[in-house]
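Work through the three exercises below with the model open. Try each task before you read its solution.

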Amino acid sequence: MKKLSITQPSRLAALTLSIGLSAAAFSTQAQEVKGSAAAAESKVWLCTGCHAIPDYRADYPLVYRVPKIGGQNAAYIYAALEAYKSGERKHPTMRSIAGSMSPKDMADISEYYAAQTATSPINPLK
Ligand code: HEC
């Protein structure tokens, strides 16, 4: 008869858990980012080709309408841009535009457009 005796040396591996700097500190920043209308002035050039049509009406036949964003609530604009970025809103052009924006860009642009009012002087960047 053969008795199989297997002895396995018990090895205690010394596990060293390396805990790096927590990234958690950064994860909440996106929501707390403060927008600056002035900082947006260099960022809205792209928007003007569509959102700065006089009176926000592209009434030429076959030309689509573009929503007026000047004067909208900043939180609404921010949420809209986030929704394009996440894909929740499907418009292809706005998705690609918002897709390249950082939270700071979105916050700045939101403040910029929210500061526009019906009585704002004509602003070529509106
Ligand atoms: C090529 C034209 C074009 C450009 C450029 C463009 N947009 Fe738009 N934008 C549109 C159209 C069209 C819509 C409506 C899309 C839809 O139906 O969801 C829209 C929608 C939006 C909305 C949502 C408005 C609402 O009432 O819900 C926001 C906010 C917005 N754009 C911001 C911007 C910003 C900021 C930029 C520049 C960084 C920009 N857009 C550049 C065409 C454009």
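**Exercise 1: the ligand shell**

The residues of the shell around the ligand comprise 14 nonpolar, four polar and one charged. The model is predicted.

Task: Find which residues are closest to the ligand, and which helix gives the most to the shell.

Solution:
- Step 1. Collect the surroundings: 19 residues surround the ligand. The closest are Cys 47, Cys 50, Pro 67, Ala 80 and His 91.
- Step 2. Assign helices. Helix 4 (45-51), helix 5 (74-86) and helix 6 (92-99) each supply at least two residues of the shell.
- Step 3. Rank them. Helix 4 gives the most, with five residues.

**Exercise 2: a helix pair**

Task: Describe how helix 5 and helix 7 cross, and list the residues that meet.

Solution:
- Step 1. Two packed helices are described by the angle between their axes and the distance between the axes.
- Step 2. The axes of helix 5 and helix 7 (residues 103-114) come within 8 Å and cross at roughly 140°. Helix 5 is therefore oblique to helix 7.
- Step 3. Add the hand: the crossing of helix 5 and helix 7 is right-handed.
- Step 4. From helix 5 come Ala 74, Ile 77, Tyr 78, Leu 81 and Glu 82. They meet Met 106, Ala 107, Ser 110, Glu 111, Tyr 113 and Ala 114 in helix 7. By class, this contact has eight nonpolar, one polar and two charged residues.

**Exercise 3: a loop residue**

Task: Place Ser 36 and decide whether Ser 36 counts as buried, partly exposed or exposed.

Solution:
- Step 1. Ser 36 sits in the loop between helix 2 (29-32) and helix 3 (37-40).
- Step 2. Ser 36 has 14 C-beta neighbours inside 10 Å, so it counts as partly exposed.
- Step 3. Beyond residues up to four places away in sequence, Ser 36 touches Asp 108 and Glu 111. The C-alpha atoms of Ser 36 and Asp 108 are separated by 4.5 Å, although the two residues are 72 residues apart along the chain.

Terms used. Residues numbered from 1 in each chain as written. Predicted model: local features only at pLDDT ≥ 70, side-chain atom pairs only at ≥ 80, totals over all residues. Near = placed C-beta within 6 Å. Helix = DSSP H or I, 4+ residues; strand = E, 2+ residues; numbered from the N terminus. Nonpolar A, V, L, I, M, F, W, Y, C, P; charged D, E, K, R; others polar. Axes fitted to C-alpha atoms, helices over the stretch in contact; angles between N-to-C directions. Parallel < 35°, antiparallel > 145°, perpendicular 65-115°, else oblique. Left-handed = near helix turned anticlockwise from the far one by under 90°. Contact = placed C-beta atoms within 7 Å. Buried ≥ 20, exposed ≤ 12 C-beta atoms within 10 Å, placed from the backbone.
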